[in-house]
Amino acid sequence: MCLSSIYIFLVGFTSCLFFKVSCTKPEFSLEGDYLLGGLFPLHEIEQTTPLFTPETTECFRHSFSKSFYQMLQVMRFAVEEINNSTTLLPNVSLGYDIFDHCSNTKNFPSVLSFISNNGSIKPKEELNNYRPKVIALTGPYGSSRTITIAPLITMYLIPMVNYGAASYALSNKLKYPSFVRTSPCNKNLIEMIVHIIRWFGWNWVAFLGSQDDYSSDGLKLFTKYISKTGICLAYQEALSLNANYSQTLQKIDLLDIKVIVVFALTQYASKIIKAAIANNIQDKVWIASHTWAMDQQLPREPGIGKIGTIIGITERLLSLPGFNEFVYKDRRTTYVNHNEESDIQNKSKTCNQVCDNCTLMTAKDIINENPTFSFAVYSAIYTIAHALHKVLQCDMNGCRKNTVVKPYMLMGEIKKLDFPLNGRQVKYDVDYDPTVNYAVVLWHTDVNPPQFEMVGTYDTYPEVTFTINNSLLPWHNSDSVPFSNCSTECKDGFKRQPEGFHSCCFTCKKCQCNSYVDYSRDPYTCFPCAANEWSDEGSTTCKTRSVVYLQFTEISSIAVMVSATCLIILLIAILCLFAYNYNTPLVRSAGGSMCLLMLICLIMSSISTFFFLGKPTFSLCLLRNAIFSFFFTVCLSCLTVRSFQIICVFKMAAQFPKVHSLWVKHNGQWLFIAFSSIIHLISCVIWMTVSPDKPIADSWTFKDQLMLICEMGNTITLAIVVFISWFLGFLCLLFSYMGRDLPKNYNEAKSITFSLILYYLTWIVYFTAYLSVKSKYIILLNAMAQISSINGILFGYFIPKSYIMIFQPQKNTPAYFQTSIQNYTQTISRT
């Protein structure tokens with residue numbers, strides 16, 4: 001395959017050098033100080049025929065293209081305008097050689113002619129020494145043709161200022177270092193198409209192209225740019241000229257696709273539109289790439305109005321002042337010189353330029369042709385001229401004609417160009433791509449002649465802007481934007497549940513409580529709200545929770561603090577009273593120093609009440625229950641041993657004298673208190689160490705509140721701590737019951753029983769409320785349970801004794817207590 005291509009190449013080159021093919025018009029060449037090359041596909045190949053002999057393609061045997069002939073005239077007009085200018089290149093003339101370049105693989109003679117030097121090519125010649133025939137060229141049209149010949153041109157760093165090759169691959173300066181284009185690349189065009197699709201909210205589209213570099217490059221870019229936009233490519237196909245277009249369109253219709261992007265050259269787009277008319281495809285939106293967006297023939301096709309709305313993307317059209325006059329003048333000259341054709345043929349030095357239809361074109365035909373690429377050709381010639389102006393250091397006095405100009409010198413100046421041309425700024429980026437000035441045009445096919453109305457714009461200079469005037473778009477058979485989506489958009493608060501292969505096809509599912517859907521972030525996910533936020537079912541945002549905790553300033557908190565303060569004052573007063581009456585029988589019989597220990601423990605327990613108020617912290621959570629639990633348990637152990645001791649004195653002393661003796665001798669009551677206190681202290685330390693109470697934010701109880709509470713810690717260690725306290729209370733109740741018939745002075749069973757029953761009931765109520773009711777006031781109930789437990793012992797055990805000491809001092813005498821004991825002894829002996 002490689003050898004055959006080389007063979008064809010060499011034979012074609014030699015045939016060009018040794019055989020003169022006549023040119024019918026002098027407009028293909030012009031003498032000048034500096035020669036420009038021009039490549040235009042004046043003839044278009046409808047269908048490639050396999051060739052089995054090494055020969056070049058004869059373009060004149062194929063169909064003539066009026067629009068590209070118009071582009072040729074634009075080049076000639078630009079050169080004439082520059083040559084007549086007194087400021088751009090004042091004493092320098094430009095010439096040109098223009099070739100009909102209709103094939104991308106078998107049309108090399110023109111290219112070889114451009115890069116030759118006096119009829120020969122020296123591939124190994126240094127750039128500083130080599131001077132090709134042309135200093136720059138424009139063309140050819142089409143990405144495939146350009147990619148094929150670009151390596152030959154850029155090998156010598158000849159500026160290839162292209163007007164119609166949009167492939168993004170050509171922006172690669174490592175492969176194509178001297179490629180410049182005046183028409184935006186596919187990247188910009190695809191961005192524009194994606195902007196249009198997103199503007200109208202479509203996501204279910206088809207992409208039809210042709211089997212060439214232009215379309216394949218566009219498809220790759222389109223697939224890339226829609227990957228994160230929510231647009232789905234429902235159908236794609238690269239069509240050949242002999243493909244079954246009807247079958248393709250029927251598939252698109254079955255998929256219910258309303259938007260069809262036709263990214264193809266004119267000959268392919270023409271076949272697609274004609275097939276749509278023939279197959280009665282209706283109510284579609286056709287997005288035309290810039291290659292056929294301003295085609296003059298397709299809008300005249302009978303029945304095109306029923307296929308739907310056609311939106312084209314084209315460069316912003318600019319008029320070329322003086323072009324019409326140039327064409328009319330040139331046509332008149334052409335007809336005058338037509339009889340001199342034989343003389344021209346003798347002077348021709350180029351090949352492959354047979355163009356019988358060129359002379360048949362009238363000035364009106366040329367002027368009315370598709371103007372899409374007119375400014376691109378015009379600015380390409382002016383780009384070369386401005387670069388040459390810089391190299392020759394031109395000024396008002398003229399240019400330095402003695403400067404030896406090499407093609408690569410122009411490239412260094414082109415990248416720095418920034419000049420106005422007919423109201424538009426001509427400048428290039430680092431990849432030698434131009435600024436973008438696109439227009440969205442609407443086809444009006446219901447009028448004669450058909451019209452193209454600009455309904456939107458897309459610019460990248462001086463900043464990126466895109467807009468479409470929706471009021472200018474009367475959609476086909478509808479006043480509203482056509483619907484081209486796989487699924488109907490979900491309501492607010494519903495996420496998309498994917499169905500099938502395409503992400504655009506989905507069902508809708510409502511987001512649960514405390515979650516939300518953010519369509520700009522990810523429409524397929526219900527995101528959980530943060531810990532300090534909440535939401536109802538089917539939400540699109542989260543609301544901030546109100547932070548709730550028991551504050552000092554609340555009335556209930558003030559009431560508890562006042563109660564606790566009064567309780568502490570009362571306990572201190574009673575402690576002082578008992579200390580003052582320490583040696584009296586009543587205090588001695590109540591336990592003496594044990595009473596003082598109990599009162600101190602109750603005071604310390606009361607202090608823990610204040611730790612329940614305010615914003616919970618680790619220290620507050622740790623202290624509020626640990627202090628009360630330990631000191632109240634010490635108090636309970638004192639009550640327990642006190643109850644046991646009374647029984648021991650009055651009952652066990654008589655029945656078990658030795659046990660009683662050992663109890664008294666070794667201070668059994670203090671050993672018991674110390675033992676039970678140490679056991680409880682160890683359990684509290686384990687509770688606070690293994691899994692301590694710590695502040696947490698309760699976000700599950702109330703949806704709109706963040707309740708700051710203290711976590712109770714490990715359940716097992718907490719149960720052990722509670723069990724020790726409750727077990728001591730149970731022993732105390734048991735001993736109190738056993739001593740219910742003791743002397744009145746010593747009979748404390750009723751008061752202790754009352755205290756402990758109140759203690760149990762209080763904490764049963766609290767734990768019941770804690771498990772069933774969730775509120776910040778549960779914390780307040782905990783504090784009240786502690787106060788209630790302390791009050792039970794205070795009013796059941798200490799207040800009656802304090803009353804006697806203050807109001808009945810006669811009962812606080814040794815004689816009174818001795819009488820009570822004697823009466824109890826007599827009663828026992830009688831029974």
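This note walks through the main structural features of a predicted model, point by point.

1. **Overall make-up.** The chain has 831 residues, and 52% of them count as buried. It holds 23 helices and 27 strands. Take the contacts between residues at least 6 apart in sequence: 72% of these join residues at least 24 apart.

2. **The largest nonpolar core.** This core has 133 residues. Leu89, Ile193, Ile196, Phe222 and Trp286 have the most contacts inside it. Which helix gives the largest share of the core? Helix H12, residues 374-391, supplies 12 residues. A second core, separate from this one, has 58 residues. Its members include Met707, Tyr766, Ile778 and Ile793.

3. **Around Leu89.** Leave aside the neighbours within four places in sequence. Leu89 is then in contact with Ile82, Leu94, Ala385, Leu388, His389, Leu392, Cys394 and Cys399. Of these, Ile82 belongs to H2 and Ala385 to H12, and both also take part in the contact between those two helices.

4. **H2 against H12.** Helix H2 covers residues 66-83. Its axis comes within 9 Å of that of H12, and the two cross at roughly 35°. The crossing is right-handed. On the H2 side, the contact uses Gln70, Met71, Val74, Met75, Phe77, Ala78, Val79, Glu81 and Ile82. On the H12 side, the residues are Ser374, Val377, Tyr378, Ile381, Tyr382 and Ala385. What kinds of residue make up this contact? There are 12 nonpolar, 2 polar and 1 charged.

5. **A sheet of 6 strands.** This sheet is open, with mixed pairing and the order S1-S5-S2-S6-S7-S8. Strand S1 (29-30) and strand S8 (179-181) are the edge strands, and each pairs on one side only. Strand S7, residues 160-162, runs parallel to S8, and 3 bridges join them. Within that pair, Met160 stands opposite Phe179 of S8.

6. **A helix on that sheet.** Helix H4 (residues 143-154) packs on the sheet of 6 strands. It touches strand S2 (34-40), strand S6 (136-138), S7 and S8. The direction of H4 makes about 150° with that of S7.

7. **A sheet of 3 strands.** Here the order is S25-S27-S26, again in an open sheet with mixed pairing. Why do S25 and S26 each have one side without a neighbour in the sheet? Strand S25 (546-548) and strand S26 (694-698) stand at the edges, each with a single partner strand, so one side of each is left free of a neighbour. On average, neighbouring strands are turned by 25° against each other, direction ignored. S26 and strand S27 (residues 705-711) are antiparallel and pair over 5 bridges. One bridge in this pair sets Pro695 against Cys710 of S27.

8. **A hairpin.** Strand S21 (residues 515-518) and strand S22 (residues 522-528) form a hairpin, with 3 residues between them. Their pairing is antiparallel, over 4 bridges. Tyr516 faces Phe527 of S22 across the pair.

9. **Two cis peptide bonds.** Most peptide bonds are trans, and most residues other than glycine have a negative phi. The bond joining Gly139 and Pro140 is cis, with omega about -5°. Pro140 lies in the loop between S6 and H4. The bond from Asn448 to Pro449 is also cis, with omega near 0°. Pro449 lies in the loop between strand S16 (437-444) and strand S17 (451-459).

10. **Positive phi in one loop.** Asn280 has a positive phi of about 55°, although it is not a glycine. Asp283, likewise not a glycine, has a positive phi of about 55°. Where does Asn280 sit? Asn280 is in the loop between helix H8 (266-278) and strand S12 (284-288). Asp283 is placed in the loop between H8 and S12 too. Are these residues buried, partly exposed or exposed? Asn280 is partly exposed, with a relative accessible area of 43%. Asp283 counts as partly exposed as well, at 31% relative accessibility.

Definitions and conventions. Residues numbered from 1 in each chain as written. Predicted model: local features only at pLDDT ≥ 70, side-chain atom pairs only at ≥ 80, totals over all residues. Heavy atoms only, no water. Core = buried A, V, L, I, M, F, W, Y, C linked by side-chain atoms within 4.5 Å. Buried < 20%, exposed > 50% of the residue type's maximum accessible area, 1.4 Å probe, protein only. Contact = heavy atoms within 4.5 Å. Axes fitted to C-alpha atoms, helices over the stretch in contact; angles between N-to-C directions. Left-handed = near helix turned anticlockwise from the far one by under 90°. Nonpolar A, V, L, I, M, F, W, Y, C, P; charged D, E, K, R; others polar. Pairing = 2+ DSSP bridges.
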